[in-house]
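Thanks for coming. I will go through one structure today, starting with how its chains relate and ending with some side-chain pairs.

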Number of protein chains: 4
Amino acid sequence: MTTRDASALLRTWNECGFYRLIGMEVTRADEAGSQFRLTVTDEHLQAYGTAHGGILAGLVDAAMGLAILAVVPEGEGCATVEMKLNFLAPAPAGTELTGHGRVLHLGRRLVVAAGEAHDAEGRPIAVGQATFARFTAAA
Amino acid sequence: MTTRDASALLRTWNECGFYRLIGMEVTRADEAGSQFRLTVTDEHLQAYGTAHGGILAGLVDAAMGLAILAVVPEGEGCATVEMKLNFLAPAPAGTELTGHGRVLHLGRRLVVAAGEAHDAEGRPIAVGQATFARFTAAA
Amino acid sequence: MTTRDASALLRTWNECGFYRLIGMEVTRADEAGSQFRLTVTDEHLQAYGTAHGGILAGLVDAAMGLAILAVVPEGEGCATVEMKLNFLAPAPAGTELTGHGRVLHLGRRLVVAAGEAHDAEGRPIAVGQATFARFTAAA
Amino acid sequence: MTTRDASALLRTWNECGFYRLIGMEVTRADEAGSQFRLTVTDEHLQAYGTAHGGILAGLVDAAMGLAILAVVPEGEGCATVEMKLNFLAPAPAGTELTGHGRVLHLGRRLVVAAGEAHDAEGRPIAVGQATFARFTAAA
């Protein structure tokens with residue numbers, strides 16, 4: 001279905017500013033979905049001492065987006081149209097988060113994806129569903 | 001309705017790890033809502049060259065949360081239960097974002113808030129709606 | 001901006017199956033938004049004795065959709081891509097609901113709208129935000 | 001975990017006004033989740049000739065709610081706090097819809113559930129995620 005070079009995809013994204021800023025890494029992206037990792041540090045915390053919603057939203061948004069990029073044709077991109085995320089448990093500093101994304105429905109123009117983050121014990125931390133728009137452009 | 005010290009509230013949050021990491025600042029939080037600012041830099045970008053969803057989600061989530069903290073009694077906190085956010089326009093590096101949050105419905109246990117981010121020309125960049133849970137704890 | 005015949009628009013929709021089934025009526029749809037009315041009856045109730053989420057979702061979805069149809073060119077339609085709705089208060093039988101919809105962002109292909117329902121005392125019952133796709137077809 | 005009488009639960013809900021109004025039936029609700037059926041008729045249609053969002057939202061909301069009621073202790077109820085739903089494909093009259101709900105996270109006060117509806121060929125029609133509040137009351 002796609003001959004996209006997965007290692008190039010991962011490299012491109014792992015080098016972008018936001019991934020580096022928050023220390024997030026995509027470790028896999030293929031037709032089965034994507035996998036990310038991020039260890040929560042003091043820099044990710046809000047005033048209550050747990051990871052800010054923006055960190056978890058960034059992780060889950062990215063996981064869904066890369067799951068889509070892994071299955072659309074080379075040269076195509078996708079943009080998050082909207083995202084909905086439930087926060088299930090707090091993630092204090094030291095939490096080793098794993099993020100996952102998968103495509104629920106690949107439309108001609110729009111894609112619906114699901115994503116989640118869990119800790120090292122497999123406890124769910126955040127779970128979401130989002131809509132993306134496909135576009136033709138160099139990634 | 002509240003005698004919460006607004007300047008202490010702003011100071012506490014502006015010093016937390018996540019706000020500092022992404023360079024976001026709350027500039028006002030009172031019964032009319034909250035106001036934030038964040039200038040998009042290269043560190044906020046995804047691979048397409050515009051602010052990652054995690055940055056915009058963090059800004060809007062924070063704006064809604066601080067709008068709530070400004071109106072609940074001193075000593076009370078709130079946690080994001082879930083958030084939904086539409087992304088309306090891309091924000092490249094240099095974009096001066098202003099975030100706003102306001103309370104839509106203050107329940108006894110749950111609060112519904114709305115938030116948005118716009119650029120210096122007032123163009124809407126992201127708009128969202130979220131549910132928060134009130135809790136009693138030192139902020 | 002549009003020469004769409006508002007009375008024809010209202011008539012078409014007020015005659016469709018779903019509006020008749022639940023007794024919902026659109027009373028206005030113009031560039032300022034839409035207005036609907038629906039009085040909650042026993043037929044709308046879930047087992048706890050208040051209006052089912054499907055009734056409130058139907059009302060708010062319709063209010064957003066008609067607000068969009070009132071501003072896009074004649075002959076264009078729109079379909080709900082996704083919808084998010086917060087339920088703020090229960091609506092028992094006899095509640096006279098008014099629904100409102102308004103366009104938040106009219107994109108070339110996608111539209112973001114906000115909608116809400118309140119009772120006769122102006123108390124908010126449900127509030128939502130949704131994404132619609134524009135399409136060219138006879139309404 | 002629960003000694004709730006499943007057949008009484010199904011009977012109670014299948015007799016409520018909304019289920020009867022739209023012709024929706026819950027056929028199963030246990031610890032594995034819930035199952036619903038609804039055949040789209042002319043009464044469910046919007047002006048474009050496919051099932052209105054309120055029908056699909058009602059079906060998926062109900063499926064998630066009954067999946068929760070099947071696992072909480074007898075005498076406990078749940079109310080939809082908020083719901084997010086993506087519409088994936090249109091459902092014209094005659095479509096035989098099956099709805100499913102399952103619990104994603106059972107918290108002490110809040111529950112996160114997922115739900116979906118598909119047609120007789122298994123094609124997904126709508127998929128959603130929602131937050132419910134548990135409450136103690138006779139169902």
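Let me start with chain A and chain B. A turn of 180° with a shift of 0.0 Å along the axis lays chain A on chain B, and the RMSD is 0.0 Å. Keep in mind that this is a predicted model. In chain A, the residue that comes closest to that rotation axis is K84(A), with its C-alpha at 2.1 Å.

Now the contact itself. Chain A brings 38 residues to it and chain B brings 38 residues. The two chains bury about 2,800 Å² between them, and carbon and sulfur atoms give 67% of that. On the side of chain A, L21(A), Y48(A) and H52(A) supply 24% of the area buried against chain B, more than any other three residues. Of the interface residues of chain A, 100% are also interface residues in chain B, so the copies meet through the same surface.

How many salt bridges cross the interface of chain A and chain B? The rule finds two. K84(A), the residue I named for the axis, meets E82(B) in a salt bridge, 2.8 Å from N to O.

Next, chain C and chain A. Chain C is superposed on chain A by a rotation of 180° with 0.0 Å of shift along its axis, at an RMSD of 0.0 Å. That is the relation of a two-fold axis. In chain C, the C-alpha nearest this axis belongs to K84(C), 4.2 Å from it.

The contact here takes five residues from chain C and five residues from chain A. About 470 Å² is buried between chain C and chain A, with 70% of it on carbon and sulfur atoms. E82(C), R109(C) and L110(C) lose the most area to chain A within chain C, and together they make up 61% of what that side buries. Across this interface the rule finds zero salt bridges. As for which surface is used, 100% of the interface residues of chain C are also interface residues in chain A, so these copies, too, meet through the same surface.

On to the salt bridges in general. Side chains of opposite charge can pair when their charged atoms come close. Over all chains, a search of the whole structure finds 24 salt bridges.

One of them is between R37(A) and E25(A), at 3.0 Å from N to O. This pair links distant parts of the chain, with R37(A) in strand β2 of chain A and E25(A) in strand β1 of chain A, twelve residues apart. R37(A) counts as partly exposed because its relative accessibility is 48%, and E25(A) is partly exposed at 32%.

In chain B, the side chains of R37(B) and E25(B) also meet in a salt bridge, 3.0 Å from N to O. R37(B) lies in strand β2 and E25(B) in strand β1 of chain B, so the pair ties together parts that are twelve residues apart in sequence.

Between chains C and D, E82(D) and K84(C) form a salt bridge at 2.8 Å, N to O. Each of the two lies in strand β3, residues 76–87, of its own chain, so the pair joins two chains. Are E82(D) and K84(C) buried or exposed? Both are buried. There is also a network of salt bridges that links E82(A), K84(B), E82(C) and K84(D).

The strands that carry the R37(A) and E25(A) pair also bridge to each other. In chain A, β1 (residues 25–30) and β2 (residues 33–39) run antiparallel and are joined by five bridges. V26(A) has F36(A) as its bridge partner in β2(A), and a hairpin of two residues joins β1(A) to β2(A). In chain D, β2(D) is joined to strand β4 (residues 96–106) by six bridges, again antiparallel, and R37(D) stands opposite T98(D) in β4(D).

Last, the aromatic rings. The structure holds 16 aromatic pairs over all chains. One of them is edge-to-face, between Y48(C) and F135(D), 5.1 Å centre to centre with 70° between the planes. This pair crosses between chains, from the loop between β2 and α3 of chain C to strand β6 of chain D. Y48(C) counts as partly exposed at 22% relative accessibility, and F135(D) counts as partly exposed at 27%.

F36(A), the bridge partner of V26(A), sits in a cluster linked by ring pairs, together with W13(A), Y19(A), F135(A) and Y48(B).

Definitions and conventions:
Residues are numbered from 1 along each chain as its sequence is written. Chains are lettered from A and ligands numbered from 1 in the order in which they are written. This is a predicted model: local features need pLDDT of at least 70, side-chain atom pairs count only at pLDDT 80 or more; totals for chains, interfaces and linings use all residues. Side-chain values use heavy atoms; hydrogens and water are left out. Two strands pair if DSSP finds at least two bridges between them. Helices (H or I, at least four residues) and strands (E, at least two) are DSSP runs, numbered from the N terminus. Copies are superposed by least squares on the C-alpha atoms of residues with pLDDT of at least 70 in both. Contact means heavy atoms within 4.5 Å. Rings of Phe, Tyr and Trp (its six-membered ring) pair if their centres lie within 6.5 Å; planes under 30 degrees apart count as stacked, over 60 as edge-to-face and the rest as tilted. Buried means under 20% relative accessible area, exposed over 50%, partly exposed in between (1.4 Å probe, protein chains only). Buried area is the accessible area (1.4 Å probe) that two parts lose on being put together, summed over both. A salt bridge is a side-chain nitrogen of Lys or Arg within 4 Å of a carboxyl oxygen of Asp or Glu.
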